[in-house]
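Me: Please take one part of this model and look at it closely for me, following the chain outward from there to whatever it leads to. I am in my first year, so I would like the steps joined together rather than given as a list.

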Amino acid sequence: MELVEGILNRRSIRRFTDRHITDEELHTILRAAMAGPTCANKRDWSFLIVRDKAMLDKMADANGKPAEPLRHCDVGILILGDLDRAFPPAKDYWVIDGAIAGQNMILAAEGLGIGSVWLGTWPQMERVEN
């Protein structure tokens with residue numbers, strides 16, 4: 001798939017099939033996330049891979065109705081900011097760096113024929129704490 005075509009045609013998918021995401025596909029998606037630029041090349045993110053259905057349900061509970069797709073997906077990827085690695089004068093750049101990584105993930109998923117959706121938690125602190 002042409003890159004621009006993938007960008008223009010990608011849609012948020014909130015209803016998933018029972019298709020299993022292979023470890024190879026997941027690795028490709030994570031490689032795409034890590035290929036994005038970060039402030040001062042700090043790579044100030046980490047990724048938590050969740051396949052456990054009970055944990056996906058807990059994540060959905062913590063984030064309310066917009067997070068219902070988590071109950072029916074094969075894998076969830078939580079983007080975490082690592083403030084120990086963040087750019088010292090402006091640690092909040094991790095948010096932008098994480099967003100870039102997330103965008104790369106959903107575009108990689110599109111290229112692999114995998115439906116995806118971006119779900120937000122931060123900066124809604126009650127959800128973050130949950």
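Reply: A good place to begin is Arg-43, which sits in the loop between H2 and S1, in what is, it should be said at once, a predicted model. The phi angle of Arg-43 is near 45°, a positive value in a residue that is not glycine. With a relative accessible area of 35%, Arg-43 is counted as partly exposed, because that class lies between the 20% and 50% limits. Asn-41 belongs to the loop between H2 and S1 as well, and Asn-41 too has a positive phi, of about 55°, without being a glycine. Asn-41 is exposed, since its relative accessible area of 58% is over the 50% limit.

From this loop we can turn to the elements on either side of it, helix H2 (23–35) and strand S1 (45–50). Both of them, together with H4, give two or more residues to the largest nonpolar core, a group of 14 residues in which Ile-29, Phe-47 and Met-105 touch the most other members. H2 makes the largest contribution to this core, with five residues. As background, nonpolar side chains tend to be buried together in soluble globular proteins.

Phe-47 deserves a closer look, and its contacts are counted here without residues up to four places away in sequence. On that count, Phe-47 touches Leu-30, Ala-33 and Met-34, then Ile-77, Leu-78 and Ile-79, and finally Ala-101 and Met-105. Apart from this core lies another one, of seven residues, whose members include Met-59, Ala-60, Ala-67 and Cys-73.

Two of the residues that Phe-47 touches, Ala-101 and Met-105, lead on to H4, where they are among the buried residues. The others that are buried in H4 are Trp-94, Asp-97, Gly-98, Gly-102, Ile-106, Ala-108, Ala-109 and Glu-110. The buried residues of H4 pack against helices H1 and H2 and against strands S1 and S2, so the two elements that flank our starting loop are both among the partners of H4. The length of H4 can also be checked: at 1.5 Å a residue, its 19 residues should span 27 Å, and the C-alpha atoms at its ends are indeed 27 Å apart, so the two values agree. H4 is followed by Gly-113, which has a positive phi near 75°.

Ile-106 and Glu-110 of H4 also bring in an earlier stretch of the chain, through Arg-10, which is found in the loop between H1 and H2. Arg-10 is buried, because its relative accessible area of 16% is under the 20% limit. Leaving out residues up to four places away in sequence, Arg-10 touches Ile-106, Leu-107, Glu-110 and Ser-116. Arg-10 and Ile-106 are 96 residues apart in sequence, yet their C-alpha atoms are 8.3 Å apart in space. Leu-8, in helix H1, offers a useful contrast, for Leu-8 and Ile-21 are 13 residues apart in sequence while their C-alpha atoms are 23 Å apart. Leu-8 is exposed, because its relative accessible area of 57% is over the 50% limit.

The last step is from H4 to the empty space that it helps to border. Rolling a probe the size of a water molecule over the atoms shows where empty space is left. The largest pocket has a volume of about 1300 Å³, and H4 supplies the largest share of its lining, eight residues. Helix H3 (53–63), strand S2 (76–81) and helix H5 (125–129) each supply at least two residues of that lining as well. The lining has 44 residues, and those nearest the centre of the pocket are Ile-77, Leu-78, Ile-79, Val-117 and Leu-119. Here the path partly returns to Phe-47, since Ile-77, Leu-78 and Ile-79 are among the residues that Phe-47 touches. In chemical terms, the lining divides into 27 nonpolar, twelve polar and five charged residues. Leu-119 has a further link, to Pro-66 in the loop between H3 and S2, for Pro-66 is in contact with Leu-119 and Arg-127, its neighbours within four places in sequence being left aside.

Note on methods. Residues numbered from 1 in each chain as written. Predicted model: local features only at pLDDT ≥ 70, side-chain atom pairs only at ≥ 80, totals over all residues. Heavy atoms only, no water. 1 Å grid on protein atoms, 1.4 Å probe; cavity = no way out; pocket = protein on both sides within 12 Å on 5 of 7 lines; lining within 4 Å. Points joined across faces, edges and corners; volume = space filled by probe spheres on them. Helix = DSSP H or I, 4+ residues; strand = E, 2+ residues; numbered from the N terminus. Nonpolar A, V, L, I, M, F, W, Y, C, P; charged D, E, K, R; others polar. Expected span 1.5 Å × (residues − 1). Buried < 20%, exposed > 50% of the residue type's maximum accessible area, 1.4 Å probe, protein only. Contact = heavy atoms within 4.5 Å. Core = buried A, V, L, I, M, F, W, Y, C linked by side-chain atoms within 4.5 Å.
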